[in-house]
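These are my notebook entries from a reading of one structure. I kept to a few residues and their surroundings.

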Amino acid sequence: MEPYYEYRHLVGFEETNLVGNVYYVNYLRWQGRCREMFLREHAPEVVADIREDLKLFTLKCECEFLAEITAFDELAIRMRLEDLTQTQIGFAFDYVRLREGGVEELVARGRQRIACMRGPNTDTRPARVPEPLRRALERYTLHPPAPDARALDGRLADLAR
């Protein structure tokens, strides 16, 4: 399994506010861009399907900011599959600042939930996640810790109190 799909981005002045840090809406734009590049590279059949009648509706999008970033910071936006149902996909994103010498700093975390839909705009209905997309996402699945690992974490937390 691959740990994540990665999209690299160099922050530009146009993405910052008057104070000089990145304007918050850009984090959400980068989630969308990461998702688009993933489709382009790993599921081109789905891109063709979107040109027909497949629609990927964003139902929910969020971002938690951990550190400020500014112009010319180099970022890696790392996407993982969080969950997959018959008609919806949940993604998790890590925003990592890349520094010289291979140093990485987690600057934000995000999530996004999309629904697959089909049909004309006046009569759009839920649709199954296309099989090529399921296959492409498979290798980027974010696996929760095993139940035994969670129980051990809980016992360790109890001992630390």
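I looked up threonine 16 to decide whether it is buried or exposed. Its relative accessibility is 18%, and the cut-off for buried is under 20%, so I entered threonine 16 as buried. I note that the model is predicted.

I then located threonine 16 in the chain. Threonine 16 sits in the loop that runs between strand 1 (5-10) and helix 1 (25-42).

Next I asked which backbone oxygen the side chain of threonine 16 reaches. I found that it is the one of phenylalanine 13, at 2.7 Å.

I listed the contacts of threonine 16, leaving aside neighbours within four places in sequence. They are Val11, Asn21, Val22, Tyr23, Thr70 and Ala71.

Tyr23 led me to the surface. I found Tyr23 together with Tyr24, Val25 and Phe65 in a nonpolar surface patch. The accessible area of these residues together is about 390 Å².

I followed phenylalanine 65 from that patch. Phenylalanine 65 belongs to strand 2 (residues 54-65). I recorded a relative accessible area of 44% for phenylalanine 65; partly exposed lies between 20% and 50%, so phenylalanine 65 is partly exposed.

I turned last to strand 1. I assigned Tyr5, Tyr7 and His9 to its covered face, and Glu6, Arg8 and Leu10 to its uncovered face. I also looked up how strand 1 pairs: 6 bridges join strand 1 to strand 3 (residues 74-84), and the two run antiparallel. For leucine 10, I noted glutamate 74 as the bridge partner in strand 3.

Note on methods
Residues are numbered from 1 along each chain as its sequence is written. This is a predicted model: local features need pLDDT of at least 70, side-chain atom pairs count only at pLDDT 80 or more; totals for chains, interfaces and linings use all residues. Side-chain values use heavy atoms; hydrogens and water are left out. Patches are made of residues with over 30% relative accessible area and no salt bridge: like charges are joined within 9 Å, nonpolar side chains (Val, Leu, Ile, Met, Phe, Trp, Tyr) within 5 Å. Accessible areas come from the Shrake-Rupley method with a 1.4 Å probe; for residues, only the protein chains shown count as cover. A salt bridge is a side-chain nitrogen of Lys or Arg within 4 Å of a carboxyl oxygen of Asp or Glu. Helices (H or I, at least four residues) and strands (E, at least two) are DSSP runs, numbered from the N terminus. Buried means under 20% relative accessible area, exposed over 50%, partly exposed in between (1.4 Å probe, protein chains only). A polar contact is a pair of N or O atoms within 3.5 Å; within protein, one must be able to donate a hydrogen and the other to accept it, and residues adjacent in sequence count only if both atoms are side-chain atoms. Contact means heavy atoms within 4.5 Å. Two strands pair if DSSP finds at least two bridges between them.
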